[in-house]
Structure formats: structure tokens, C-alpha cells
Amino acid sequence: MKRIILSIAIFISSFAQARDLNIWSDFTSPVTTDAKYITLGGLTATAMVFANKDFRTYRKRESFDDARPFGNYGFIGEYLGYGFLNAVYTLTAYYYGTQTGEEKYFQAAEHMAKASLYSSGLTLVLKTAINERRPGYPDDSNSFPSGHSSASFAFASVIAARHGWYWGGLAYGTATFVALSRINDDFHYLHDVLFGMTIGAAYGWGIYNNYKNGAPYFLTAIPLDGGAGVTFAMEF
């Protein structure tokens with residue numbers, strides 16, 4: 001997963017000189033748009049949980065070994081949280097765009113791709129910098145924050161923003177299952193999951209707010225004889 005994210009980051013960096021690519025505004029959108037309220041609430045919840053972790057048995061298996069809510073089915077959340085939902089949505093929207101020539105599909109694909117990549121990229125940076133050991137796997141120091149949670153909540157937030165709260169509710173339910181499955185299987189502490197959820201949701205809504213405030217899309221449909229093409233518009 002790290003190699004995939006690194007490859008994507010290198011790809012994005014090759015466009016860093018594009019004046020109108022809005023890389024910085026998208027990166028800072030969790031604190032510069034209305035998504036800052038999601039960021040603030042998530043940070044507060046994470047800090048409160050972390051501050052109180054010494055007042056109870058915090059490693060779940062030491063006290064809740066017989067109360068795993070998902071039993072042996074946590075692996076489903078593990079696989080869903082690797083970004084498959086994000087990728088399927090992005091590729092499907094892009095495909096529909098090429099078939100119909102409608103820009104709304106390209107815009108949806110771009111939104112999901114950006115929210116997923118920014119949240120996953122920041123999560124990877126924080127994992128490397130903080131180096132916290134996992135509760136059930138002390139030899140693995142990639143606990144904080146939860147990448148599965150950030151990816152799944154980025155997905156759910158884009159769905160809610162673009163398709164309304166019916167589909168958004170279903171997406172958030174799935175994302176919550178993914179996040180809790182990581183605690184169920186002792187891959188993460190609660191504060192890892194809370195902060196991962198915050199990152200994903202803040203980028204999903206933050207980038208959406210950028211678009212609402214007039215930030216341009218860069219995947220644009222081009223009518224062609226017998227179909228449509230797509231271009232990635234940039235200025236150097």
C-alpha cells in the first residue's frame with residue numbers, strides 16, 4: 001500500500017508547477033474551508049480519548065477478548081479499507097464520463113481521487129513521523145493514524161457530498177464498519193481510528209467546498225466524432 005501511495009505522490013508532484021492545479025488549496029482545505037469544523041471536532045475527540053487512555057485498560061484484547069463485535073469477520077473491513085471502494089468509484093465515474101461525455105462524471109472521479117490521495121498521503125506521512133506501535137502487533141509501528149479509516153471516510157464523504165444523505169448514510173455505515181473492524185482485529189487503538197476518520201471526512205468535504213467556492217475542475221470532457229475524450233487542463 002505504501003508503494004502505491006508513494007507512486008501516486010510522485011505522479012502528483014510532477015504537476016506541482018501547474019499554477020492552477022490548486023494543490024495547496026486542496027491540501028489545506030480541511031482547515032481553510034467549512035471542513036475546519038470537522039477537523040476541530042475530530043481533533044478534540046481524538047485528544048480526549050488519548051488523554052484518558054491511561055485510566056482504563058486500553059488494549060482491547062486485555063479486557064474484551066470475548067467481546068469482539070465482528071468476531072472473525074473483521075477481515076472484510078480490512079480488505080474494503082485498502083481503497084478498493086475509492087478506486088471502483090473513481091474508475092466507474094471516469095468510464096461513464098468517457099462513454100457519455102458528461103463532465104459531471106469526470107468531476108466526480110476527480111473529487112474522489114483527490115480526496116482519497118490527499119487523505120492517504122497525509123496518513124502515510126503521519127504514520128512515518130509518529131511511529132506508534134499497534135496494540136496487537138508491537139513489532140509493527142504503523143498504528144497512528146488509521147489508513148483504513150481515512151480512506152473509507154474520504155470515500156463516504158464524497159458519496160454524501162455528491163449523492164445525498166441516503167447513499168451517504170450507507171457509505172458512512174460501511175466506513176464505520178471498516179474503522180471498527182480495525183479495533184476488532186487489534187490493528188488500531190480508538191484514537192488511531194478517530195483521527196483517521198477525521199482526516200478522510202475533512203478532505204472529502206474540504207475539497208468539495210473548494211469546488212463550491214469556484215475552484216476549477218481539471219478533468220474535462222472533449223466531444224469527438226463517435227464519442228468523447230478527456231483532457232487534464234493545466235497552465236504552466
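The legends below describe an overview and several close-up views of a predicted model.

**Figure 1. Overview of the chain and its 10 helices and 2 strands.**
Read from the N terminus, the order of elements is α-α-α-α-α-α-α-α-α-α-β-β. The chain has 236 residues, and 44% of them are buried. Its accessible surface is about 12,500 Å², with 62% of that surface belonging to carbon and sulfur atoms. Among contacts with a separation of 6 or more, 72% join residues 24 or more positions apart.

**Figure 2. Packing of helix α9 against helix α10.**
Two packed helices are described by the angle between their axes and the distance between the axes. Helix α9 covers residues 147-184 and helix α10 covers residues 190-212. Their axes lie 9 Å apart and make an angle of about 160°. Angles over 145 degrees count as roughly antiparallel, and α9 and α10 are therefore roughly antiparallel to each other. The crossing of α9 past α10 is right-handed. The residues of this contact comprise 17 nonpolar, 6 polar and 1 charged.

**Figure 3. Packing of helix α8 against helix α9.**
The axes of α8 and α9 are 9 Å apart, at an angle of about 155°. With that angle, α8 and α9 are roughly antiparallel to each other. Their crossing is right-handed. On the α8 side, the contact is made by Gln107, Ala108, His111, Met112, Ala115, Ser116, Ser119, Ser120, Thr123 and Lys127. The residues they meet in α9 are Gly147, Ser150, Ala151, Ala154, Phe155, Val158, Ile159, Ala161 and Arg162. By class, the contact of α8 with α9 has 9 nonpolar, 8 polar and 2 charged residues.

**Figure 4. Packing of helix α7 against helix α9.**
Helix α7, residues 84-100, packs on α9 at an angle of about 55°, and the two axes are 8 Å apart. Helices α7 and α9 are therefore oblique to each other. Leu85, Asn86 and Tyr89 are the α7 residues in this contact. They meet Ala151, Ala154, Phe155, Ile159, Arg162, His163 and Thr174 in α9. The contact of α7 with α9 consists of 6 nonpolar, 3 polar and 1 charged residues.

**Figure 5. Surroundings of asparagine 86 in helix α7.**
Asparagine 86 has a relative accessible area of 5% and is therefore buried, the cut-off being under 20%. With neighbours within four places in sequence left aside, asparagine 86 is in contact with Met112, Ser116, Ala151, Ala154 and Phe155. Met112 and Ser116 are in α8, whereas Ala151, Ala154 and Phe155 are in α9.

**Figure 6. Threonine 46 in helix α4 and the residues it touches.**
Helix α4 spans residues 36-51 and holds threonine 46. Threonine 46 counts as buried because its relative accessibility is 7%. Not counting residues up to four places away in sequence, threonine 46 touches Phe144, His191, Leu194 and Phe195. From threonine 46 to glycine 196, the C-alpha distance is 9.6 Å, although 150 residues separate them in sequence.

**Figure 7. Backbone of the loop between α8 and α9 at asparagine 131 and proline 145.**
Most residues other than glycine have a negative phi, and most peptide bonds are trans. Asparagine 131, found in this loop, has a positive phi of about 60°. Its relative accessible area is 46%, so asparagine 131 is partly exposed. Proline 145 is in the loop that links α8 (103-130) and α9. The peptide bond leading from phenylalanine 144 to proline 145 is cis, with omega near -10°.

**Figure 8. Aspartate 186 in the loop between α9 and α10.**
Aspartate 186 is not a glycine, yet has a positive phi of about 65°. With a relative accessible area of 4%, aspartate 186 is buried.

**Figure 9. Phenylalanine 218 in the loop between α10 and β1.**
Strand β1 comprises residues 219-224. Phenylalanine 218 counts as buried, its relative accessibility being 4%. The C-alpha atoms of phenylalanine 218 and glutamate 110 are separated by 7.8 Å, while the two residues are 108 residues apart along the chain.

Notes: Residues are numbered from 1 along each chain as its sequence is written. This is a predicted model: local features need pLDDT of at least 70, side-chain atom pairs count only at pLDDT 80 or more; totals for chains, interfaces and linings use all residues. Side-chain values use heavy atoms; hydrogens and water are left out. Axes are lines fitted to C-alpha atoms, for helices over the stretch in contact, and angles run from 0 to 180 degrees between N-to-C directions. Helices (H or I, at least four residues) and strands (E, at least two) are DSSP runs, numbered from the N terminus. Angles under 35 degrees count as roughly parallel, over 145 as roughly antiparallel, 65 to 115 as roughly perpendicular and the rest as oblique. A crossing is left-handed if the near helix is turned anticlockwise from the far one by less than a right angle, and right-handed if clockwise. Ala, Val, Leu, Ile, Met, Phe, Trp, Tyr, Cys and Pro count as nonpolar, Asp, Glu, Lys and Arg as charged, and the others, Gly among them, as polar. Buried means under 20% relative accessible area, exposed over 50%, partly exposed in between (1.4 Å probe, protein chains only). Contact means heavy atoms within 4.5 Å. Accessible areas come from the Shrake-Rupley method with a 1.4 Å probe; for residues, only the protein chains shown count as cover.
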